[in-house]
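Colleague: I would like a close look at one part of this model, and then a walk outwards from there. Please keep it brisk.

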Amino acid sequence: MIQDEVRQLVEKGVVNRQQPIYSLCKHIPSREWVCMEGELEKCDFLLRDRIGDLMGHETWDND
């Protein structure tokens, strides 16, 4: 679910995949951010990691 939400923000151009994960907190409601932060910790993500790392594997149509 987190990956889908982040992917939508990247596709809309709201955030860049090179930005740190903590920059997402500006675009996600506070109560959701608290839950998201906990899930990221469980999955061994650091808030300084890049958004692109969080997005995981992607498929490209125009190789």
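Which backbone oxygen lies 2.6 Å from a polar atom of the side chain of Ser23?

Modeller: The backbone oxygen of Pro20 does. A caution before going on: this is a predicted model.

Start with the setting of that pair. Ser23 sits in the loop between H1 and H2. Its relative accessible area is 5%, so Ser23 counts as buried. The side chain of this loop residue thus has a polar atom 2.6 Å from the backbone oxygen of Pro20.

Next along the chain comes Leu24. Leu24 lies in the loop between H1 and H2. With a relative accessible area of 0%, Leu24 is buried. Now set aside its neighbours within four places in sequence. Leu24 is then in contact with Val6, Leu9, Val15, Trp33, Met36, Ile51 and Leu54. One further distance helps to place Leu24: Val14 is 10 residues away in sequence, and the two C-alpha atoms are 9.3 Å apart.

Those contacts lead to the nonpolar core. The largest one has 14 residues. Leu24 is among the residues with the most contacts inside it, together with Val6, Met36, Ile51 and Leu54. Three elements give two or more residues to this core: helix H1 (2-12), helix H2 (30-42) and helix H3 (51-55). H1 gives the most, with four residues.

Leu54 shows the core from another position. Again leave aside neighbours within four places in sequence. Leu54 is in contact with Ile2, Gln3, Val6, Ile21, Leu24, Met36, Leu40 and Phe45. Val6 and Met36 appear in this list, and both appear in the list for Leu24.

Now H1 itself. Its buried residues are Ile2, Val6, Arg7, Leu9 and Val10. They lie on the same side of H1, because they cover an arc of only 160 degrees around the axis. These buried residues pack against H2 and H3. The face turned away from the buried side carries the exposed residues Glu11 and Lys12. Just after H1, Gly13 takes a positive phi of about 85 degrees.

Arg7 deserves a second look. It is one of the buried residues of H1, and it forms a salt bridge with Asp4. The closest N and O atoms of that pair are 3.9 Å apart. The cut-off is 4 Å, so a pair within that distance counts. Arg7 and Asp4 are three residues apart in helix H1, so about one helical turn separates them. Asp4 is partly exposed, with a relative accessible area of 47%.

The count comes to two salt bridges. One of them joins Lys42 and Glu39, with the closest N and O atoms 3.3 Å apart. Both residues lie in helix H2. They too are three residues apart, about one turn of the helix. Lys42 is exposed, at a relative accessible area of 64%. Glu39 is partly exposed, at 36%.

After H2 the backbone offers one more local feature. Asp44 is found in the loop between H2 and H3. Asp44 has a positive phi of about 65 degrees, although it is not a glycine. Most residues other than glycine have a negative phi. Asp44 is exposed, with a relative accessible area of 67%.

Last, the protein as a whole. There are three helices and zero strands. Along the sequence the pattern reads α-α-α. The protein has 63 residues, and 29% of them count as buried. Take contacts between residues at least 6 apart in sequence: 67% of these join residues at least 24 apart. The accessible surface comes to about 4800 Å², and 48% of it belongs to carbon and sulfur atoms.

Back to the starting point, then. Ser23 is buried in the loop between H1 and H2, with a side-chain polar atom 2.6 Å from the backbone oxygen of Pro20. Leu24, in that loop too, is among the residues with the most contacts inside the largest nonpolar core.

Notes: Residues are numbered from 1 along each chain as its sequence is written. This is a predicted model: local features need pLDDT of at least 70, side-chain atom pairs count only at pLDDT 80 or more; totals for chains, interfaces and linings use all residues. Side-chain values use heavy atoms; hydrogens and water are left out. A nonpolar core is a set of buried Ala, Val, Leu, Ile, Met, Phe, Trp, Tyr and Cys residues joined through side-chain atoms within 4.5 Å. Buried means under 20% relative accessible area, exposed over 50%, partly exposed in between (1.4 Å probe, protein chains only). Contact means heavy atoms within 4.5 Å. The arc is that of the directions from the helix axis to the C-beta atoms. A polar contact is a pair of N or O atoms within 3.5 Å; within protein, one must be able to donate a hydrogen and the other to accept it, and residues adjacent in sequence count only if both atoms are side-chain atoms. Accessible areas come from the Shrake-Rupley method with a 1.4 Å probe; for residues, only the protein chains shown count as cover. A salt bridge is a side-chain nitrogen of Lys or Arg within 4 Å of a carboxyl oxygen of Asp or Glu.
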